[in-house]
Amino acid sequence: MVARLGRAFFDRGTLRVARELLGARLIVREGQVERSARIVETEAYVRGDPASHAFRGPTRRNRSMFGPPGTLYVFRIHQVVCANLVTRSAEAVLLRAGAVEGREPAYASGPGRLCRALGLTIRDDGDDAARGGRVRVEARDRRPIRIVTGPRVGLRRAAERPLRFYVAGEPAVSRPRRLSVSASPSRSRGAAR
DNA sequence: CCTCGGATCAGCT
DNA sequence: GCTGATCCGAGGA
């Protein structure tokens, strides 16, 4: 049995959570069916970050970002749904890509495609993934992964901040750009790629 | 009220 | 690489 990631996991620094979510499984229950994906790409949105939806304070749209750690913040942009997991202090981690599990493994490359693959909708906004309802997250296994850090994707403001993290060698990751390699979170600093 | 532009994606050059 | 779709939220007047 795999441990669900609970409140304590999300109630930590956002960069750390963003890195440690890599390899974790995002699971969405749909009646009797469960759809899941291994998370392979994340982005951090932090306090004082002009690109963060929480930057200008709470509104109806972003109120989930001010919820407890582990809250889902789901928003829509250009008719596309994207999902975040809230950490602390109105910071959050955007889930950008995943390896979808099932009889036909597939790659969901991009936050909109990931949500679509798992059936996440705007109705999931505000749900508590740490408590584990329709949506939950399970810890990754112990196999080491190599994490790459780089600039976030698709932003006009604060685009250069290295707040994107992804698993090296994963096909689902969005168009790779400039890279700087770091080690797996539970291991010591590793060799370069 | 009006205007602006976006944490995207698909499709085209 | 670039563009357009397409619409809603945010913010200013």
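In this predicted model, a phosphate oxygen of DNA strand B sits 2.8 Å from an N or O atom in the side chain of His53. That is a handy place to start, with the protein meeting the DNA backbone. Another phosphate oxygen contact on DNA strand B involves Arg156, which brings a polar side-chain atom to 2.4 Å. Tyr45 goes for another part of the strand: a polar atom of its side chain lies 3.3 Å from a sugar or linking oxygen of DNA strand B. As for the elements that line this surface, those giving two or more residues to it are strand S3 (72-77), strand S4 (80-86), strand S5 (92-100) and helix H3 (111-118). Helix H3 hands over the largest share, with four residues.

Stepping back a little, 21 residues surround DNA strand B, and the closest of them are His53, Asn84, Gly112, Arg113 and Arg156. What kinds of residues make up this surface? By class, there are eleven nonpolar, six polar and four charged residues near DNA strand B. On the DNA side, sugar or phosphate supplies 56% of the atoms of DNA strand B that come within 4 Å of the protein, and bases supply the rest.

DNA strand C has its own set of neighbours, namely Arg56, Thr59, Arg61, His78 and Gln79. Here sugar and phosphate account for 69% of the strand's atoms within 4 Å of the protein. Sorted by class, the residues of this surface come out as no nonpolar, three polar and two charged. Two of these residues turn up at phosphate oxygens of DNA strand C: a polar side-chain atom of Thr59 lies 2.2 Å from one, and a polar side-chain atom of Arg56 lies 3.5 Å from one. His78 deals with a base instead, since an N or O atom in its side chain is 3.4 Å from a base nitrogen of DNA strand C.

His78 also has a spot in the fold worth pointing out. Strands S3 and S4 form a hairpin with two residues between them, and His78, in the turn, has a positive phi of about 50 degrees. The residue in this turn is thus also one of those around DNA strand C. The two strands of the hairpin run antiparallel and pair over six bridges. One example is Val74, whose bridge partner in S4 is Ala83.

Strand S4 then carries on into a second hairpin, with S5. This one has five residues between the strands, and Ser89 takes a positive phi near 55 degrees. S4 and S5 also pair in the antiparallel sense, over three bridges, and Val86 has Ala92 in S5 as its bridge partner. How much of S4 is buried? Six of its seven residues are, so the strand is largely enclosed by the rest of the structure.

Next up is Asn62, found in the loop between strand S2 (33-45) and S3. Is Asn62 buried or exposed? Asn62 is buried, because its relative accessible area is 2%, under the 20% cut-off. Its side chain reaches the backbone oxygen of Gly57 at 2.9 Å. A polar atom of that side chain also lies 2.6 Å from the backbone nitrogen of Thr59. Leaving out residues up to four places away in sequence, Asn62 touches His53, Ala54, Gly57 and Tyr73. Two names here link back to the DNA: His53 is among the closest residues to DNA strand B, and Thr59 is one of the residues around DNA strand C.

Now for the whole chain. Chain A contains three helices and ten strands, and along the sequence they follow the pattern α-α-β-β-β-β-β-β-α-β-β-β-β. Of its 193 residues, 50% are buried. If only contacts between residues at least 6 apart in sequence are considered, 61% of them join residues at least 24 apart.

Finally, a word on confidence. Chain A averages a pLDDT of 90, and 90% of the residues score at least 70. Over residues 177-193, however, the pLDDT is below 50, and this stretch has 37 contacts in the model beyond near neighbours in sequence.

Definitions and conventions: Residues numbered from 1 in each chain as written. Chains lettered and ligands numbered in written order. Predicted model: local features only at pLDDT ≥ 70, side-chain atom pairs only at ≥ 80, totals over all residues. Heavy atoms only, no water. Near = heavy atom within 4 Å. Polar contact = N/O pair within 3.5 Å; in protein donor to acceptor, adjacent residues only side chain to side chain. Nonpolar A, V, L, I, M, F, W, Y, C, P; charged D, E, K, R; others polar. pLDDT = per-residue confidence, 0-100. Contact = heavy atoms within 4.5 Å. Buried < 20%, exposed > 50% of the residue type's maximum accessible area, 1.4 Å probe, protein only. Pairing = 2+ DSSP bridges.
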